[in-house]
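These are my notebook entries on one structure. I record what I looked up, topic by topic.

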Amino acid sequence: MSKTQYGFLVDTEKCIFCRACVIACKMENHVGSQWQRNEVVLMGPDQTKSPAMYPVYMNCNHCERPACIAACPVEGKALEKKSDGRVLVIPEKCDGDEFCVYACPYGAIRLTPARNEIGFYVVDKCTYCVHKADRKSSDPGGNRPACATKCPTGAIEFGLREELLKKAKKEGREEMDFDLFNTGPSNIYLKPRGKTTG
Amino acid sequence: MADKFKPVVSKANLWSRRSFLRFTAVSSAAVAGNSLNIKDALAMHSWTGKTDFEQYPYTEKLIHRPKDGFLPDKVVNSGCSFCPSNCRHKVHIKDGRVMNVYGEPDDPVQDGGLCAKGQSIPQLLYNKYRITKPMKRKGSKPSDVFEPITWEQALTEIAQKLIDIRDNTPEGAKGVAAKASGRQTREVGAMQWRFFELYGSPNTTHEGYICNDAGGIALGMTLGKGGQTNGYGYDPITKTEDLGDSKYILWFGTNDAECHPVLHSYMKKRKNKAGTKWVVVDPRFTMTANGADLWLPIKPGTDMAFIYGMLHHIISNNLEDKKFVEKWVAGFEELKKFINEKGYSPEWAEKITGISKDTIKKIAEDYAKTKPAAIITNAGIAHQVNAVDTFRTLIFLSAITGNIGIHGGGANFMHNSPIGVSLPPIKIPLNPPFTKGGVGGIIEAGLPPQPDYFVRAVNTGKPYKLRAIFYAGNMLTQNSNTKEVEEALKKLDLFVSFNLFPQEDTYYADYILPTTTFYEVDHVGVRRCDRGIRWRNKCVDPIGEAKNDPDIWIELGQMMAKLDKKNPPEYWTENLDIKWKDKKYLWNQVSPKNNPTAAGMTADRMDKLSVPLRWPCPGTDHPGTSVMFLDNPKWKDIWGGKRFPNAIDKVEIYTKELDDKLKPTGHSALPEFYTSPENMDGHPTLEYTDEFIKSPTVSNTSGGNLIHKVKIGIKPDEKLRKEYPFQLITGRNSALHFHTITHWAWNLTQISGDIYAQIHPKLAEQIKVQTGDFIKVETPRGAMEMPALVWDGIQPNTIFIPISFGNKQKVHQDVERRIWDTVNNLTSNVYYDTLSGQQGYKAYLCKITSIPGKRLVEKKIVKQ
C-alpha cells in the first residue's frame, strides 16, 4: 500500500456506541436525512452465550484497488483515487447509476436525493473531510476529519496508515484481516483482546 | 421517489459474512412502514409559518462538496445543557448563523470530544417545528388549533388569571404550581422560585425529582452537604486526577456510557491507563457494563440488600477502616448491631438479589481492601421508592471503608450537585397574607415535591386542589401514568407550557410560551456531575419572538406589578428586578456577592477557564473543589473548620437526633430492607398512608413540602404479583436521545433505532417470540405493543423498555420512522420515595404476551 495512504485506526474496545462520529459527519458535510456517510454497527461474537457488544465504526475504506471505480460505467469515471489515497466522487460526472453502490463490499456509498447540474442524482461517500486537508490544526475545528476530531473516546484515530500500524504494533495490538474482497481497504481494525472477568 | 432513498441494504448484513454476527435486528436500518395520522402534523405546521430552516435541509438540496468547505467568521464559547458532562461548545458562526459545533480541546476531560446530541443543538435552534410566537389555544382540549398572540396579550391574560385564582378560589395562591426545566437550570429555577415566593404559592418545583435529587438529599443527611463527593480531571488541591486515579469502581444502577458519553470516555481512558477495576451492578447489560471487568445482573430494586450483604461481610471480617471509623463516623456500633440483628448476611442477600454469596463476599473484600475505591451511581438507585435509604447504605459502605474525603474514592451520586445559588435578597418584604415575619416565609406547605404529584393533586384534590400549572418540559412523556396526566390536563383552569416545540402536552395548553435553546442566551447551565460549572455565551439572538425562561418570569412579574391591586408595584418590580435580564449582571450579583461558598465563581473567571470551575470555590484564588470532605484547610476553612459540615462534624450513620427526625415519616436512620410495592419476589415493601406530614428533608420554599407518611415492612399484594409475574424496568434508550427534546433533531431521529422491549432468551422461549416479533406488555395502568429484542444481556424475568417520546413526533414522520410511544403509559404515579420526592420510574410488575403474526422485520437472527 502507498506510503501516503490515509486511514482510520478503529479500536472497538474503546468505543461506547455514542455515535458522535455519525452526527459529526452529518453536521460537517451537511449530509441529508436519507443517508449517512458513516455508521457504527453493534456486533457480538456469539450473542446467545456471553453478553458482549462490539461497536464497529464503518466508513469508506478508501481502498487501494477500489471496487467502486472499477464498477463505474461513466466514461472517464465519476470516482477517482487521489495521490493521498482518498477515493472521491466527482459529482459533476456522476449519473446516479448506482453501480458503485452495489460494487462496494463495505456499503460505503449511497445514492442521494441531491442532483448535479445535469440533473442526475449523485452518489455520496466519505472524503476524509477533504475540505479540511489544507487547514492548520489550530484552525477552528482543526484539520482532521470531523468524526475523529469529535470522538470523545479516542476509538477512531486518523492518520497515515503506516504510522497508525506502527503505533498499534507498539501497543501490542493486532490488526484484524477483513479484506475478503481483495480491494485493499485502508481502515485498521484492532482485534479485541477479550474481556477479563472478575 | 421516497422509496428509492430508504437504505438499500444494511452494512451489517454485508459484514456478517465475516466472523461477525449481526448484533441486533432492530437497528437503524429496520424501518417498518406504519401509516400514521398526520392530520395534526399539518395543522401544527401552520403555527410557526416559515422559519429559517433552509440551512439544514432534509431533502432535495445539493449536497455539500469539498470545495464548499468554509471556516467560520467567529467561534463562540457556549455549552451544552443536556447531560451533566457539561461540555463546552465551540460554536462556529458564519454570517450570523450557527453552522457547526466542536468540543473544547483544551479541557483535558472533554479532550475535544462531543456526543451525538450536543452537536445536534443547531437542529433544535433552526427547526421548522419550532414555536416562535406566544400561542393561545382555540377550541376544546386537546386542540390542534392555536393562534399566535403578542407577548403583551399573553402575559396580561396569564397574570389576570393568576390574580383571579389567588383572590377568588378556596385554594388561593397555592392552587398554582410550576416546574422548571433543566434546559437552563441555574437561574430559571431561582427566578421561578422568586416569582412563586412573591405570588404566595409553595408549589414551585424543578426537574430534580424526575432526575436524581435523592442522592443529594442522602448525602446532605449523612455527610452534611449534598453534591457528588469526587470529581473528574486534575485537582490542584490533592494533585491527582481524582476519580481518574481510582483503583476500583463500583457502578451501581447507572448506564454512564450512554447517559454521559463524554465524561464516561474520560473514565474509560483513565481505566485503560491506570488499570482500574470496574464492577457494574445493573439488571441490564449496558454499554457501561460492556466496558467493565464484571457485570452483576441484580434483580431490580434490590440494591439495598446487595449493599447490606457487603456491609455484613466487611463488618464481620473486620475489614473496615478502623482509624477513619473511630474518628469520623457516628453510629458504627449501632449499624453493626442492626445488621447482625436483622441477619442481613451475604447468604440472605443472595436470595434477594439473585447474585451468589461468594460474589458478594468477593466484591466486598475487593472493595474494602483496594484504596482508593469509588462508588458511582445514578438513576438506577434514584428512581426507586427506597432511593434515599439505598443511597445512605452506599454512603455507609463508602464511609466505613474510609473512602470518604480521599481522592479517587467517595460516594458519587450523579446529577445532584447544588452550587448553593439563589437570587439577591428580597428588598420589599413579602405580603402578609402569605408570610410570617417578613422575608421568605410562606406559611402553607407545598404538595409532595415531585411534578408527578401535580397530576394527582388535580385529579384527587388531595391534600388540596391545583387549578393552574406552568410547565417547562413535557408532562405527557415525563410524568408517570400518562392516562391520568391527560385527565388532569383536561381539568385544569390554566395550563401554560414553556416550550420550544409542539410537544404532546402543548395540545392541552391554554398558552404556549416560546422559549430558547442554550445558544440563545448568556447563562450558567447544568453543572458537571462533580459540581463544575461554566459560563456560556450567547451565540445568536433568539429565533422569532422566543424568550428565555427566566426573562419570561421577570416579565410576568412586571405584568403582575401593573395588575395586582393587593401589592404595591415595587413589591414585584424590586423583587424581580428587570435588570436581571442581563445574565452576567445577575450572576455577579448572586454568586460573588451573596453566596460565600461560590464567591470565586465570577462570570469572567469561568469564561476564561477552559475547564469547569467546581463548587465550592470561596475566593478567586481558590482553585475550586474536586474532593469534598478533605481533611485539609482548603476544604475545612469553607465550613468554619469542620470536615463534615453538620452538627456533629462526623459521618452521621446513626444518631438519635437523625432517627427522631425521620421517625414521623415512617423511615429510620438505619433503614431496614424494603423495595417497590411491585416487586416480583414478594419482598417487604412500603405502604403509603393517607396522612400527610411535613417533610423533614425536602422544602422547595420556606413553607416546606408535604409528604405521605409511610409504613415500611408491609407484605406486597399477592394477587397483583400472580397476575403480573414479571418485572418491568425503564431507562435511557441510547446515547442519541435526551428526554423530551432531542427527537426534534432529525439527525438523531434518523439514526436512532426503534422502540423495543428487551427480554431474556429464556423468557422469550416461554412466550415463543424472537427478536422483531411484537409483544404486548401490560401493567395495571395500561398496555403497549412493541417489538421484542431478545438477548441475554438482562436479568431473567425482567423486561426493559426505554423511556421515549410521545406519539406526536413530527420529525419521525419526516424521516420515515415508526412512531414511538412513552413507557410512562405503563408506569404508576403512586410510588415515590417520600424522603426525597423522587418519583419511582423503575421496577413495576407487568405481564407479557406475544402477538402472533406481527413482526417488525422479516429477517431472523441466524448464526452465520
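Where in chain B is B:P616 found? I located B:P616 in the loop between β21 (613–614) and α25 (633–636) of chain B. I note at the outset that this is a predicted model.

**Entry 1: cis peptide bonds**

I looked at the bond leading into this proline. The peptide bond from B:W615 to B:P616 is cis, with omega near -5°. I then found a cis peptide bond joining B:K462 and B:P463, where omega is about -10°. B:P463 has its place in the loop between α18 (452–460) and β17 (468–472) of chain B. I noted these bonds because most peptide bonds are trans, and most residues other than glycine have a negative phi.

**Entry 2: positive phi angles**

I next looked up backbone angles. B:K239 has a phi near 55°, a positive value in a residue other than glycine. I placed B:K239 in the loop between β9 (232–235) and β10 (240–242) of chain B. Is B:K239 buried or exposed? B:K239 counts as exposed, because it has 8 C-beta neighbours inside 10 Å.

For B:N481, phi is also positive, near 55°, and this residue is not glycine. The loop that holds B:N481 runs between α19 (475–478) and α20 (482–491) of chain B. B:N481 is buried, as 23 other C-beta atoms lie within 10 Å.

In chain A, I found that A:H30 takes a positive phi of about 50° just after α1(A).

**Entry 3: two helices and their burial**

I turned to helix α1 (residues 20–29) of chain A. It is largely enclosed by the rest of the structure, because 10 of its 10 residues are buried. Among these buried residues I list A:C21, A:K26 and A:E28.

In chain B, I looked up helix α21 (residues 549–563), which has 15 residues. From its first C-alpha to its last it reaches 21 Å, close to the 21 Å expected at 1.5 Å a residue. This helix is mostly covered, with 12 of its 15 residues buried. The buried residues of α21(B) include B:D549, B:W553, B:E555 and B:M560.

**Entry 4: one residue of chain A**

I chose A:V89, which has its place in strand β5 (residues 87–89) of chain A. A:V89 counts as buried because it has 25 C-beta neighbours inside 10 Å. Which residues does A:V89 contact, leaving aside its neighbours within four places in sequence? I recorded A:A78, A:L79, A:C94, A:V122, A:V123, A:D124 and A:K125. I also noted that the C-alpha atoms of A:V89 and A:I109 are separated by 9.6 Å, although these residues are 20 apart along the chain.

**Entry 5: the domains of chain B**

I found chain B divided into domain 1 (214–418 + 647–654) and domain 2 (720–855). The centres of domain 1 and domain 2 of chain B, taken over C-alpha atoms, are 28 Å apart. Domain 1 of chain B gives 22 residues to the contact, and domain 2 of chain B gives 23. On the domain 1 side, the elements that give two or more residues are α7 (214–223), α8 (256–259), α16 (379–382) and α17 (387–400) of chain B. By class, this side of domain 1 has 12 nonpolar, seven polar and three charged residues.

**Entry 6: the nonpolar core**

The largest nonpolar core has 296 residues. Those touching the most other members are A:C21, B:W251, B:M310, B:A757, B:I799 and B:C846. The largest share of this core, nine residues, comes from α17(B). Domain 1 and domain 2 of chain B both give residues to this core, so it lies between them. I looked more closely at B:W251: beyond four places in sequence, its contacts include B:W278, B:V280, B:A292 and B:I376.

**Entry 7: chain B as a whole, and confidence**

I recorded 30 helices and 32 strands in chain B. Of the 864 residues in this chain, 61% are buried. Among its contacts with a separation of 6 or more, 73% join residues 24 or more positions apart.

The model scores ipTM 0.95 and pTM 0.91. Chain B has a mean pLDDT of 86, and 88% of its residues reach 70 or more. Over residues 1–67 of chain B, however, pLDDT is below 50. It also stays under 50 over residues 858–864 of chain B. Where pLDDT is low, the predicted coordinates should not be read in detail.

Technical notes: Residues are numbered from 1 along each chain as its sequence is written. Chains are lettered from A and ligands numbered from 1 in the order in which they are written. This is a predicted model: local features need pLDDT of at least 70, side-chain atom pairs count only at pLDDT 80 or more; totals for chains, interfaces and linings use all residues. Domain bounds come from an automatic or database domain assignment. Two residues are in contact if their C-beta atoms, placed from the backbone, lie within 7 Å. Helices (H or I, at least four residues) and strands (E, at least two) are DSSP runs, numbered from the N terminus. Ala, Val, Leu, Ile, Met, Phe, Trp, Tyr, Cys and Pro count as nonpolar, Asp, Glu, Lys and Arg as charged, and the others, Gly among them, as polar. A nonpolar core is a set of buried Ala, Val, Leu, Ile, Met, Phe, Trp, Tyr and Cys residues joined through C-beta atoms within 7 Å. A residue is buried if 20 or more other C-beta atoms lie within 10 Å of its own, exposed if 12 or fewer, and partly exposed in between; C-beta atoms are placed from the backbone. The expected span of a helix is 1.5 Å times one less than its number of residues. pLDDT is the predictor's confidence in each residue, from 0 to 100.
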